[in-house]
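I am opening a fresh page for this structure and will write down what I look up, entry by entry.

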Amino acid sequence: MTQAVIELRNVSKRFGETLAVVDNNLSVNAGEFLSILGPSGCGKTTSLRMMAGFEQPTEGEVYIQGTNVTGVPAYRRPVNMVFQHYALFPHLSVADNVTYGLRQRSPKPPSAELARAADEALGMVRLSGLGRRRTYELSGGQQQRVALARALINRPAVLLLDEPLAALDRKLRAEMQFELQNLQRDVGVTFLLVTHDQEEALSMSDRVCVMREGRIVQIGSPRELYDRPNSRYVADFVGKSNFFAGPSAGTVTSVRPEMIELAPTEKKLPQGLATAVPAKVLNRIFVGDFTQYRLASDRLGEFLVVSPRRNERDVGTFEIGDQVAAGWRGDAAQVLADN
Amino acid sequence: MRIYASLIYIFLYAPIALIVALSFNAGKQSMVWTGFSVEWYGKAFSNPLITEALGTSVMIALATAVLSAIFGTMAALGLERTKGWLRIVFDALIYIAIMVPGIVIGISSLITFVTIFDVVNPALEALFNLRLRMGMWSVIATHVLFNIAVVALMVRARLQGMDRSLVEASEDLYATPMGTFRQVVLPLLAPSILAGALLAFTFSFEDFIIAFFVAGPDVTLPIYVFSAIRRGVTPEINAIGTVVLLTSLLLLLIAQWILQRGNKQA
Ligand SMILES: Nc1ncnc2c1ncn2[C@@H]1O[C@H](COP(=O)(O)OP(=O)(O)O)[C@@H](O)[C@H]1O
Ligand SMILES: [Mg+2]
C-alpha cells in the first residue's frame with residue numbers, strides 16, 4: 001500500500017457558530033491528482049487551509065507524510081499553495097517571486113543557483129525570459145503560471161490549489177486544464193485541487209472528493225462518481241441526471257439524460273428497454289455535437305434527454321410539440337438515497 | 001461657479017504669491033517693487049541667526065520624521081490586530097491627536113513639561129546635579145506626539161488595502177513571521193511610511209505655534225521669523241518664507257507621488 005502524502009483524520013473546524021468542516025477523513029496518495037468538489041461555502045477552502053497550516057482544526061489531526069503536523073505553522077510544512085488570486089508579490093520581479101521559497105533556506109543558495117532554478121521553473125510553465133518583469137505586467141494566465149512555478153520550485157509533498165482557474169476566462173480555463181494535468185504528470189508532484197466546477201474536477205483528476213455542508217459524501221474516480229453516485233446529491237452535482245420517484249420512501253430513481261433512447265413511436269424504440277413512455281417535446285436545444293430535449297410524460301413528469309448527433313441518422317430530429325417515445329434499459333436506472 | 005472658485009483661490013493664494021514675488025525684489029523696501037534680484041536670499045543665508053534657526057528646524061523636523069515613522073508604523077500594525085472597544089478608543093485618540101488645534105497641543109504640552117520638571121528636577125539636581133529644561137528635544141517630543149497619528153493613519157490605510165493572502169503566501173513559502181514582515185509587509189508599507197515621514201517633516205518644519213510654547217530658549221525658523229517680523233517685514237523674511245513654502249510644497253508633492261506609485265503596484 002502506498003503511503004498517504006497528506007491525511008485528515010477526523011478533522012472538524014468550527015468558526016464561532018459555523019461548522020465549516022465536520023469530522024472528515026481524507027487520505028491523498030503520493031503522485032495522484034485529487035480534487036475536492038462542492039458548492040460554494042461547503043468547506044473546501046477551510047479544508048485546504050488546514051492542510052497548508054493557515055487554520056488549525058478544532059478537532060482531529062492533520063498528517064503529512066506520516067507525521068502529525070497538527071499545530072505546526074504554515075512555514076514549517078512541506079506543502080505549497082496556489083492561491084485563488086495568485087497572491088504574487090507586487091514588489092518583486094517574476095524571478096524573485098519564483099525563488100522566494102528557496103531564498104528562505106538557510107544558508108541561502110548562491111545567486112547563480114537561484115537564477116538557474118528560476119530559469120528552469122519558468123521554463124517548466126512556459127514563461128522563459130519573463131523573469132525580470134513585474135508580476136502586474138503579466139496577463140491573468142501568465143500570473144497563474146508564475147504562481148505555479150513559485151510553488152513547484154520547492155518540490156512540495158503536495159501542491160494545494162484553491163480554485164486556480166476561477167479567475168480565468170473560459171477559453172484560457174480550458175487550456176489551463178490540460179496544462180495543469182500535463183504539469184502534474186511531468187513533475188510528479190501530488191496535486192490537491194479545490195473547485196466548485198464539476199467539469200474541472202472530472203476532467204483533470206484521478207480521484208474526486210465530493211463535499212456537502214462540511215462533510216465528505218463520496219470519494220472516487222470521476223467515472224465511479226458519475227456511474228455509481230451514492231446519493232441523489234452526488235448524482236446531481238456530478239453531471240446531470242433525471243430523478244423519478246423511487247421504489248420506496250426516501251429513494252429516487254436516477255437516469256442520466258444520455259442513457260435515454262428517443263424514437264418517434266414506442267415501436268421504433270430499441271428492444272429490451274425496462275421502461276418506455278410516450279412523451280411530448282417541450283424544449284429543444286441544439287448544442288452542436290448533441291441535442292438536448294426537455295420532455296414531459298404523463299406518468300413521469302418532465303425530464304431531460306441528451307441525444308447525440310449520430311443518433312439523428314436513425315431516429316431523426318424532433319420539433320417542439322412533437323409526440324415521441326422515450327425509454328431506457330434497466331441498468332440505466334439507479335436507485336439512490338433521496339438527499 | 002467657476003468665477004466664484006477662482007476668486008476664492010485668488011483670495012487664498014494672492015498673499016503667498018506676493019511674498020514669493022517680493023522675495024525677489026531688489027529694493028530694501030519690502031512693499032515697493034524696484035527690480036529683480038536674488039540678493040535677499042544671499043543675505044538671508046549668510047545671516048548666522050537665520051542659518052542657526054534653520055539648522056535647529058531641520059534637526060527637529062528630521063528627528064520628528066524618523067521617530068513618527070517608527071512609532072506611527074508600530075501603532076498602525078498594533079491597531080490592525082486590535083478589535084472591539086480598545087480599537088474604538090485608539091481610533092478616537094488618533095483622530096483627536098490630528099484634529100486638536102496646535103495651540104491646545106502647545107499649551108497642554110507646556111503645562112505637562114513644567115509639571116514633570118517640578119517633580120523630577122529636585123531629585124535629579126540632588127542626585128546628578130542635572131536640571132531638565134525645555135529645548136529642541138521637547139519640541140521633537142511634542143511634534144512626534146501628533147505626527148505619530150498622521151503616520152499611523154496613512155500606514156493603516158495602506159494596511160487595509162493590502163492583500164492578506166500575500167502574508168499567507170510568504171508563510172506558505174517557508175518565511176518565518178519575522179521574515180515575512182521584513183520581506184513582504186515592510187516593503188509593501190514602505191511608500192506609506194515614507195509619505196507619512198515626509199508629511200511629518202513638513203508639519204514639524206513649518207510649525208510655529210507648538211514650538212512657540214515648548215521650545216524654551218531654542219529658536220526654530222518660524223520662531224525667528226515671528227520675532228523678526230516685530231521689527232518689520234524685510235525682503236529677507238520674504239526669502240525665508242519662500243524657501244519654507246517651496247520646501248513644504250516639494251515634500252508634499254513627493255509624498256503624494258510616492259503614495260500614488262505605491263498604490264499602483266499593490
Ligand atoms: N475565517 C472565517 N471566519 C468565519 N467563518 C468562516 C471563515 N472561513 C470560512 N468560514 C465559513 O465556513 C464555511 C466554509 O467556508 P469555505 O471553506 O470558505 O467554503 P468553500 O471554500 O467551499 O466555498 C462558510 O460558511 C464560511 O462562511
Ligand atoms: Mg473557497
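Before the hairpins, I note one term for myself: two strands pair if DSSP finds at least two bridges between them. I also note that the model is predicted.

**Entry: the hairpins of β14, β15 and β16 in chain A**

With that term in hand, I looked up β15(A) and β16(A), and I found that a hairpin joins these strands through three residues. The two run antiparallel, and eight bridges join β15(A) to β16(A), the latter covering residues 301-308 of chain A. To have one pair that I can find on the screen, I picked A:Leu295, whose bridge partner in β16(A) is A:Phe303.

I then went back along the chain to β14(A), residues 275-286, which pairs with β15(A), residues 290-297, in the antiparallel sense over six bridges. Here the pair I chose is A:Asn283 with its bridge partner A:Arg294 in β15(A). These strands also form a hairpin, with three residues between them, and in the turn A:Gly288 has a positive phi of about 110 degrees.

**Entry: the hairpin of β9 and β10 in chain A**

How many bridges does the pairing of β9(A) and β10(A) run over? I found five, with strand β9 at residues 207-212 and strand β10 at residues 215-220 of chain A, paired in the antiparallel sense. A:Val208 stands opposite A:Gly220 in β10(A). Two residues lie between the strands of this hairpin, and A:Glu213 takes a positive phi near 45 degrees there.

**Entry: backbone angles I wanted to check**

I reminded myself that most residues other than glycine have a negative phi, and that most peptide bonds are trans. Against that background I wrote down A:Asp23, which has a positive phi of about 45 degrees although it is not a glycine; its place is in strand β2 of chain A. I also wrote down the peptide bond joining A:Ser106 and A:Pro107, which is cis, with omega about 0 degrees. A:Pro107 lies in the loop between α3 (100-103) and α4 (111-124) of chain A.

**Entry: the surroundings of ligand 1**

Next I listed the residues around ligand 1, among them A:Phe15, A:Thr18, A:Pro39, A:Gly41, A:Lys44 and A:Thr45. Which element gives the most to this shell? I found that α1(A) does, with three residues, while β2 (18-29) and α1 (44-52) of chain A each supply at least two. Sorted by type, the residues of the shell divide into four nonpolar, six polar and one charged.

For the distances, I started with the backbone: an N or O atom of the A:Cys42 backbone lies 3.2 Å from an oxygen atom of ligand 1, and for a backbone N or O atom of A:Lys44 the distance to an oxygen atom of the ligand is 2.9 Å. From the side chain of A:Thr46, an N or O atom is 2.5 Å from an oxygen atom of ligand 1. Taken alone, ligand 1 exposes 560 Å², and the protein buries 59% of that.

**Entry: chain B and the largest pocket**

Turning to chain B, I counted 11 helices and zero strands. Along its principal axes, the C-alpha trace of chain B spans about 70 × 65 × 35 Å.

Where is the centre of the largest pocket, judged by the residues that lie nearest to it? I found B:Ile19, B:Gly241, B:Thr242, B:Val244 and B:Leu245 there, out of 24 residues that line the pocket. About 610 Å³ of space lies in this pocket. Its lining draws at least two residues from each of α1 (2-22), α8 (177-205), α10 (221-229) and α11 (235-265) of chain B, and α11(B) gives the most, with 10 residues. By type, the lining divides into 18 nonpolar residues, five polar and one charged.

Methods. Residues numbered from 1 in each chain as written. Chains lettered and ligands numbered in written order. Predicted model: local features only at pLDDT ≥ 70, side-chain atom pairs only at ≥ 80, totals over all residues. Heavy atoms only, no water. Helix = DSSP H or I, 4+ residues; strand = E, 2+ residues; numbered from the N terminus. Near = heavy atom within 4 Å. Polar contact = N/O pair within 3.5 Å; in protein donor to acceptor, adjacent residues only side chain to side chain. Areas by Shrake-Rupley, 256 points an atom, 1.4 Å probe, with all protein chains shown as cover. Nonpolar A, V, L, I, M, F, W, Y, C, P; charged D, E, K, R; others polar. 1 Å grid on protein atoms, 1.4 Å probe; cavity = no way out; pocket = protein on both sides within 12 Å on 5 of 7 lines; lining within 4 Å. Points joined across faces, edges and corners; volume = space filled by probe spheres on them.
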